[in-house]
Amino acid sequence: MRRVLLAGSAALALLPLQSLARIRPAFDARTQRDALDALLAGRRPEKSDRLRIVTSELAESGAVVPITIESDLTGIESVSLIAPENPRPLALNMRLGPRVALPVTFRVKLAKTQEISVLVRAGGQDFVASRQVRVVVGGCIGT
Amino acid sequence: MNGASIKLRAEAGPKGAAAVRLLVNHPMLPERVDAKTGKTLPAHHVDEIVVAVNGETVLVIDCGPGAAANPFFSFTIEGVRRGDAIAVRWTDNQRQSDQLQASVS
């Protein structure tokens, strides 16, 4: 009986991170709209000023652009970074368990100057914030 | 690869949260056209990075070719004490993988 209970609790602990099984197709999308459709499945994100993209306004090299996402929203389950002018707009997606809190920092490639967006799912709602990044030399990011 | 491709530092802070810095050595190549031959070269990039503390998955990072070469991340994990085991495993789209386990310091 004890063993059954332990197995059950372990499965529950992993469930929130596995529930977003539809992530991979979003990475194949070639437009921002297709990437958002794949991520949101028809839901509408709300623009939020409780969500911030922290990065340099001017990126000398598009090959490595450091980005920090800050937010005071609680219960954040996922963070997705979308660069609409990249050949594959969805650059990165993070599935957060309840023990991981923002801010998070990562580095992406940007093909050219563009308005990047961060999409966050928190407490069953979707939020989005955007920010313009000027790129001097675009990152080599393929076709 | 015995964890050689992964650099991982996790430091426990005063409030029971650990600051984690993670670097994966990987070229993160997109699908691209070879300038000399005109041939299309296949993408080679990390697909997924899983972070676990004491065996419990706490974070999954999905990457596309738009993640920069040698992906770097920093984030905070709550409810972590010095000596806890933190493990990182990555897999890429050519089915290569590597993993590393470290102790929170």
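How many bridges pair β2(B) with strand β7 (residues 72-78) of chain B, and in which sense do the two strands run? The answer is seven bridges, in the antiparallel sense. One of the residue pairs here joins Ala19(B) of β2(B) to Thr76(B), its bridge partner in β7(B). Please keep in mind as you read that this is a predicted model.

## The sheet that spans both chains

Let us step back to the wider sheet. It is an open sheet of six strands, with the order β2(A)-β4(A)-β7(A)-β7(B)-β2(B)-β1(B) and antiparallel pairing. The edges are held by β2 (51-54) of chain A and β1 (6-12) of chain B; each has a single partner strand, so one side of each is left without a neighbour in the sheet. On average, neighbouring strands of this sheet are turned by 15° against each other, direction ignored.

As background, strands of a sheet pair through backbone hydrogen bonds, either parallel or antiparallel.

## The chain A edge

At this end, β2(A) pairs with strand β4 (residues 65-71) of chain A over four bridges, again in the antiparallel sense. If you would like a residue to look for, try Arg52(A), whose bridge partner in β4(A) is Glu70(A).

## The chain B edge

At the other end, β1(B) and β2(B) run antiparallel and are joined by seven bridges. Lys7(B) has Leu23(B) as its bridge partner in β2(B). The hairpin of these two strands, β1(B) and β2(B), has four residues between the strands, and Gly16(B) takes a positive phi near 75° there.

Strand β2 (residues 17-24) of chain B also shows two faces. Ala18(B), Val20(B), Leu22(B) and Val24(B) make up the covered face, while Ala17(B), Ala19(B), Arg21(B) and Leu23(B) make up the uncovered one. This fits a general pattern: in a regular strand the side chains alternate between the two faces of the sheet.

## Where the chains touch

Now for the contact between the chains. Chain A brings 30 residues to it and chain B brings 26 residues. On the side of chain A that touches chain B, the elements giving two or more residues are α1 (2-18), α2 (23-28), β6 (90-96) and β7 (100-108) of chain A. The residues of that side divide into 19 nonpolar, six polar and five charged.

One of these elements, β6(A), also pairs with a strand of the other chain: β6(A) and strand β6 (residues 56-63) of chain B are antiparallel, with five bridges. Within this pairing, Leu92(A) has Cys63(B) as its bridge partner in β6(B).

Definitions and conventions. Residues numbered from 1 in each chain as written. Chains lettered and ligands numbered in written order. Predicted model: local features only at pLDDT ≥ 70, side-chain atom pairs only at ≥ 80, totals over all residues. Pairing = 2+ DSSP bridges. Axes fitted to C-alpha atoms, helices over the stretch in contact; angles between N-to-C directions. Contact = placed C-beta atoms within 7 Å. Nonpolar A, V, L, I, M, F, W, Y, C, P; charged D, E, K, R; others polar. Buried ≥ 20, exposed ≤ 12 C-beta atoms within 10 Å, placed from the backbone.
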